[in-house]
Amino acid sequence: MKYTIDVMKSCDWEEVRDIYLQGIKTGMATFQTEAPLWKDWDKSHLKVCRFVAHSKDKALGWVALSPRSVTEV
């Protein structure tokens, strides 16, 4: 299978959201119980390091980073 990895754009959100919802159904991919709106997801993830794997203009998977702060105890 040939695929490309592209920078995620807002126009990818519908397909990314579908994949996100599949992850929610498994109960292993996220603690979320529903997929957020694009504007909320966009605000909660870094603007860099957002990628989508495409094959024949269909999203196969995605990855993105969200900021976290860690405090040592």
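## Starting in the sheet

Ile 5 stands opposite Ala 53, a residue of strand 2. Ala 53 also has a bridge partner in strand 3, namely Gly 61. Strands here are DSSP runs of E with at least two residues, helices are runs of H or I with at least four, and both are numbered from the N terminus. Before going on, a word on the source: this is a predicted model, so local features need pLDDT of at least 70 and side-chain atom pairs count only at pLDDT 80 or more, while totals for chains, interfaces and linings use all residues. Residues are numbered from 1 along each chain as its sequence is written, and side-chain values use heavy atoms, with hydrogens and water left out.

## The whole chain

Two helices and three strands make up the protein chain. Follow the sequence and you meet them in the pattern β-α-α-β-β. The C-alpha trace spans about 50 × 25 × 25 Å along its principal axes.

Of the 73 residues, 26% count as buried; buried means under 20% relative accessible area, exposed means over 50%, and partly exposed lies in between (1.4 Å probe, protein chains only). Now take the contacts (heavy atoms within 4.5 Å) with a separation of 6 or more: 48% of them come from residues 24 or more positions apart.

## How the strands line up

The three strands form an open sheet in the order 1-2-3, with antiparallel pairing. Strand 1 (4-7) and strand 3 are the edges, and each has a single partner strand, so one side of each has no neighbour in the sheet. On average, neighbouring strands are turned by 30° against each other, direction ignored. Two strands count as paired if DSSP finds at least two bridges between them.

Strand 1 and strand 2 run antiparallel and are joined by four bridges. Strand 2 (residues 50-55) pairs with strand 3 (residues 58-64) over six bridges, again in the antiparallel sense. Strands 2 and 3 form a hairpin with two residues between them, and Lys 56 in the turn has a positive phi of about 50°.

## Helix 1 and its two faces

Helix 1 (residues 13-26) lies across strand 2 and strand 3, at about 75° to strand 3. Angles like this run from 0 to 180 degrees between N-to-C directions, using lines fitted to C-alpha atoms, for helices over the stretch in contact. The 14 residues of helix 1 reach 20 Å from first C-alpha to last, close to the 20 Å expected at 1.5 Å a residue (1.5 Å times one less than the number of residues).

Which residues of helix 1 are buried? They are Trp 13, Val 16, Tyr 20, Gly 23 and Ile 24. Seen down the helix axis, these buried residues fall within an arc of 100°, so they line one face; the arc is that of the directions from the axis to the C-beta atoms. They pack against helix 2 (38-44), strand 2 and strand 3. The face turned away from this buried side carries the exposed residues Glu 14, Gln 22 and Lys 25. Just after helix 1 comes Gly 27, with a positive phi of about 75°.

## Cysteines without a bond

How many disulfides does the structure hold? Zero, where a disulfide is a pair of cysteine sulfur atoms within 2.5 Å. The sulfur of Cys 11 has its closest cysteine sulfur in Cys 49, 19 Å away, and that is too far for a bond. Cys 11 counts as exposed, at 65% relative accessibility, whereas Cys 49 is partly exposed, with a relative accessible area of 35%.
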